[in-house]
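Let's take a tour of a protein, looking at its empty spaces and at a few residues tucked inside. Keep the 3D view open as you read.

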Amino acid sequence: MNLQRRNRILRQSPTIRSMVAETSLSASDFIVPLFIDEGENVKTEIASMPGYYRMSLDFTVKEVKELWSMGLKSVLLFIKCKDELKDNRGTEALNPNGLMQRSIKAIKNAVPEMLVMTDVALDPFSSYGHDGIVDGSEIVNDATVDVLAKMSVSHAQAGADFVAPSDMMDGRIGAIRKALEENSFTKTGIMSYSAKYASCFYGPFRDALDSAPGFGDKKTYQMDYHNRIEAVKETLMDIEEGADIVMVKPALAYLDVIREVKNAVTIPVSAYNISGEYAMIKAAAKMGWIDERKAILETLTAIKRAGADLIATYFAKDAVKLLE
Ligand code: PBG
């Protein structure tokens, strides 16, 4: 053959492949979700997330030190609220001595440079397991936004670097920014879950926090997975309202959405490689059907290639080890 172009030239050795790679992963791409429990000496494996744990604060602080030593720079905190503290208005979420607030302080105290991001939504605190206040069968928007804004201020007071509203109520980013400004928290960032879809892949996470909705589903506030352009609308509005980082969630079945959003905005885009995506890889690997290590790197690289600048992932530690 007399070929003018031979594309395999650039694929012939690891050296040339690594030199022309368009995408690369590094530890500073990752946000590490942490599940925090009351008590001491508690480390409970999450049944549907093998190898991932819910830990009491003493273990969490140790874990955060280890993450920092590995080059991981950001954690995203979720707490498991005791059943007896749950109510319809998420009252416990505003407790200045609540588990979230204590966790923020303890982590910032132990590793001040670690970027602490906090989940802002009512579901872990809600007796109904919904992200907002329930009235009859409705999830009420405006009253919920009020609580989310107060919750964000409370996290900022405790020392959170970023608040991360994961609820999908309308107008919450603007309300949170306004509340932060009014309370002089001018350095607190907002990472908005801007395009968060109602997804079956959140199941294992809801096991981890015991936060599954008690009735109905989340389709009146989380997005419909038939839609892509709507993600751009949601994201642009959140930026307008004051988001510093936007997010697409889930990640894997939504790579097209990540790219669409990335092309539409000029601020960092994150993606959440969620619990069900973790569980699928773990389960197939356990069966011997896929190579877990390769699946982790291929998946995370694909999410980055799609346009995510940051990736929240339960595989962060594994990925850093694999990249070494
Ligand atoms: C709830 C919340 C969820 C996740 C993060 N925050 C679940 C939900 O919306 O029901 C899911 C994360 C994951 O599945 O890994 N505010």
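What follows is a walk through a predicted model, going from open pockets to closed cavities and then to single residues and a helix.

## Open pockets

Rolling a probe the size of a water molecule over the atoms shows where empty space is left. The largest pocket found here holds about 330 Å³. Its lining is made up of 18 residues, and those nearest the centre are Gly-51, Tyr-52, Tyr-53, Glu-63 and Lys-317. Which elements give two or more residues to this lining? They are the strands β1 (30-37) and β3 (49-56), plus the helices α2 (57-69) and α11 (316-323). In terms of chemistry, the lining has eleven nonpolar residues, one polar and six charged.

The second largest pocket has a volume of about 250 Å³. If you want to find it, look for Thr-23, Ser-24, Leu-25, Leu-297, Glu-298, Thr-301 and Leu-323, which line it. Helix α10 (residues 292-306) makes the largest contribution to that lining, with three residues. This time the split is three nonpolar, three polar and one charged.

## Closed cavities

Now for the spaces with no way out. How many cavities of 30 Å³ or more does a search of the whole structure find? It turns up three. The largest cavity has a volume of about 130 Å³, and 16 residues line it, with Asp-123, Lys-196, Tyr-202, Phe-205 and Lys-249 closest to its centre. The lining of this cavity includes seven charged residues, alongside six nonpolar and three polar ones.

## Two buried strand residues

Find Val-120 in strand β5 (residues 115-120). Is Val-120 buried or exposed? It counts as buried because its relative accessibility is 0%, and the cut-off for buried is under 20%. Leaving out residues up to four places away in sequence, Val-120 touches Leu-148, Met-151, Ser-152, His-155, Val-163, Ala-164, Pro-165, Ser-166 and Asp-167. You can also try a distance check: the C-alpha atoms of Val-120 and Val-248 are 16 Å apart, while 128 residues separate the two along the chain.

Next, look at Ser-192, which sits in strand β9 (residues 189-196). With a relative accessibility of 0%, Ser-192 is buried too. Its contacts, again skipping residues up to four places away in sequence, are Pro-165, Arg-172, Ile-173, Asp-238, Ala-243, Ile-245, Val-246 and Met-247. Pro-165 also turns up among the contacts of Val-120.

## A helix with a buried face

Helix α8 covers residues 255-264, and its buried residues are Val-257, Ile-258 and Val-261. Seen down the axis of α8, these buried residues fall within an arc of 105°, so they line one face of the helix. Why can residues that are spaced out along a helix end up on one side? An α-helix has 3.6 residues a turn, so residues three or four places apart point the same way. As for neighbours, the buried residues of α8 pack against α7 (229-241), β10 (245-249), β11 (269-273) and α10.

## What about the cysteines?

Two cysteines make a nice contrast. Cys-81 is buried, because its relative accessibility is 4%, whereas Cys-200 counts as exposed at 66%. How many disulfides are there? With a disulfide taken as a pair of cysteine sulfur atoms within 2.5 Å, the count is zero.

Technical notes. Residues are numbered from 1 along each chain as its sequence is written. This is a predicted model: local features need pLDDT of at least 70, side-chain atom pairs count only at pLDDT 80 or more; totals for chains, interfaces and linings use all residues. Side-chain values use heavy atoms; hydrogens and water are left out. Buried means under 20% relative accessible area, exposed over 50%, partly exposed in between (1.4 Å probe, protein chains only). Helices (H or I, at least four residues) and strands (E, at least two) are DSSP runs, numbered from the N terminus. Contact means heavy atoms within 4.5 Å. On a 1 Å grid over the protein atoms alone, a cavity is a set of points where a 1.4 Å probe fits but cannot get out, and a pocket is an open set with protein on both sides within 12 Å along at least five of seven lines; lining residues have an atom within 4 Å of a point. Grid points are joined across faces, edges and corners, and a volume is the space filled by probe spheres set on the points. Ala, Val, Leu, Ile, Met, Phe, Trp, Tyr, Cys and Pro count as nonpolar, Asp, Glu, Lys and Arg as charged, and the others, Gly among them, as polar. The arc is that of the directions from the helix axis to the C-beta atoms.
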